[in-house]
Structures are given as structure tokens and as C-alpha cells.
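Biologist: Could you take me through one part of this model in close detail? I would enjoy a careful look at a single residue and then at the rings.

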Amino acid sequence: MRLQALEAGHGPPLVLLHGLFGSARNWGAVQKALAAEYRVVALDLRNHGASHHAPGMGYAAQAEDVAETLAALGIENAAVLGHSMGGKVAMMLALTKPALIERLIVADIAPRPYPPALRATVAAMQAVPLHAALTRAEADQALRAAVPEAPIRSFLLQNLRFEATPPAWRIGLTEIGAAMPEIEAFAPPPGAQFDGPALAMAGALSPYIRAEDHAAFRALFPRMSFASIPRAGHWLHAENPEGFLATLRAFLAA
């Protein structure tokens with residue numbers, strides 16, 4: 001499917017892919033910072049943001065979505081940056097359509113399966129009572145047991161359209177819930193490699209990329225280098241934007 005895109009700036013293309021429950025708008029500060037140097041294209045992945053809803057969230061299908069969208073935008077080769085789930089999409093795109101990727105940046109995710117830690121979050125979102133009088137405070141309270149962190153609840157509730165009658169989820173929550181096993185997994189094509197320049201950025205306070213993951217990265221991406229963003233967890237581009245942008249700019253300019 002063709003995905004919705006937010007564009008800013010002119011220059012060499014840089015494509016940004018958000019994580020689970022996110023959207024292209026999550027990259028607003030990064031787009032603004034880099035628009036003077038790059039054509040920064042942030043995409044809403046399927047079942048997210050303003051893109052269409054569809055069953056299936058396998059990474060091969062999501063990579064095809066991105067490839068189709070880039071073709072429609074006239075982008076033949078780009079630097080591609082993906083965070084979390086978007087990082088897995090970016091890795092799959094590099095492995096299946098390497099000619100599209102000038103360089104690859106993976107933010108705080110490794111090329112391996114992850115445990116089903118977010119299924120309780122999906123269930124809590126699905127259980128929010130979507131009645132006509134629903135308030136943000138009530139929805140926040142409904143998520144509290146499964147999502148004790150207030151900033152994460154606020155992030156999730158960005159996907160709830162309170163202006164609708166009754167309120168409704170903007171994201172394809174049913175499709176996402178059914179696809180959680182695919183989202184948690186990662187199965188690269190046998191023998192595939194991407195030989196271009198690649199960077200994995202980890203939040204120094206995040207457990208998502210471990211030292212033992214480096215070998216798996218390099219088996220698929222032989223030119224992979226690694227950077228740790230200080231004072232940042234999984235949301236490294238939001239928690240330390242200065243450190244994130246400095247590391248990204250250095251890699252893009254190398």
C-alpha cells in the first residue's frame with residue numbers, strides 16, 4: 001500500500017520510520033532540525049497515523065509498503081532511519097531491496113524476536129470504554145494498570161480521536177492486536193545481507209540492544225557500526241535529541 005508521508009526540506013532524501021503506536025508526527029523535531037540539509041520524509045506505517053488499515057504486519061509486507069511509497073514519491077535511493085518497529089522495517093527493506101538504501105540507521109532495536117511484553121498494552125487499549133462522554137482523564141485511568149508510566153499513556157492516547165462521536169482509535173488497533181506475533185518477530189531472508197554503511201544507535205539506558213546482539217547485526221549488515229546515546233532510554237530521539245542528532249549528522253555526512 002502507499003503510505004501517508006510528511007515532507008520537509010530539500011536535498012538528499014532521508015526517510016524516517018516510527019515505532020509501534022507512533023506516527024510520522026513523532027519525527028517533527030528531527031524533521032525541523034534536518035530540513036535545511038535533507039529532504040526529510042516521515043511515513044505513517046500501515047495501521048498507524050493516516051495510512052490505511054490492513055491485516056498483517058509482517059516486516060516483508062511493511063518493507064514493500066515503504067518501497068511502493070518511495071517509488072510514488074520519486075525516491076530511488078535514500079538514507080533510511082527506523083526506530084523500534086520502524087527499525088525492523090528499515091532492516092527488512094535493506095535486506096530485500098538494498099538498491100533503495102544509500103545508508104541504514106537503526107534506532108534502539110535488534111534483528112531478533114522480542115518477548116510479548118506489549119500485548120497487555122494492546123489489550124488495555126482495546127478495553128478503553130469508547131462511549132460518547134469519554135474524557136481523556138477516564139481513558140488515562142483505564143490504561144493505568146497496564147501502563148503505569150504517565151508519559152507512555154499520553155503517547156498512546158495521541159491515537160484516540162476524542163473529537164469523534166463516540167471517540168475512536170485512529171490506529172488499526174484490531175489489526176495491530178492480531179499481528180503482535182509478527183511485530184515481535186524478525187525473520188530475515190536466508191542468506192540476505194546489506195553491504196552498505198549502517199549504524200545502530202542504542203539508548204544508553206535502554207535494554208533493547210545488548211552487546212550480544214552485535215554479532216547478529218554484523219551477520220546481516222557487515223559494515224554496521226554502533227553508537228550509544230547517553231542519558232537516553234528507548235525513546236532516544238526524544239530523551240536526548242541533541243545527542244541523537246549529533247550522532248545522526250556525523251553518520252550521514254561520513
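Modeller: Here is a look at Ala179, followed by the aromatic rings. This is a predicted model, so local features need pLDDT of at least 70 and side-chain atom pairs count only at pLDDT 80 or more, while totals for chains, interfaces and linings use all residues. Residues are numbered from 1 along each chain as its sequence is written, and side-chain values use heavy atoms, with hydrogens and water left out.

Ala179 sits in the loop between α7 (173-178) and α8 (180-184); helices are DSSP runs of H or I with at least four residues, numbered from the N terminus. Ala179 counts as buried because its relative accessibility is 3%, where buried means under 20% relative accessible area, exposed over 50% and partly exposed in between, with a 1.4 Å probe and protein chains only. Beyond its neighbours within four places in sequence, Ala179 is in contact (heavy atoms within 4.5 Å) with Gly56 and Met57. Between Ala179 and Arg144 there are 23 Å in space, C-alpha to C-alpha, and the two are 35 residues apart in sequence.

Now to the rings. Those of Phe, Tyr and Trp (its six-membered ring) pair if their centres lie within 6.5 Å, and planes under 30 degrees apart count as stacked, over 60 as edge-to-face and the rest as tilted. The count by this rule is 4 aromatic pairs. One of them joins Phe217 and Phe226 edge-to-face, at 5.6 Å centre to centre with 70° between the planes. Phe217 is buried at 0% relative accessible area, whereas Phe226 is partly exposed at 25% relative accessibility.

How values were computed. Helices (H or I, at least four residues) and strands (E, at least two) are DSSP runs, numbered from the N terminus.
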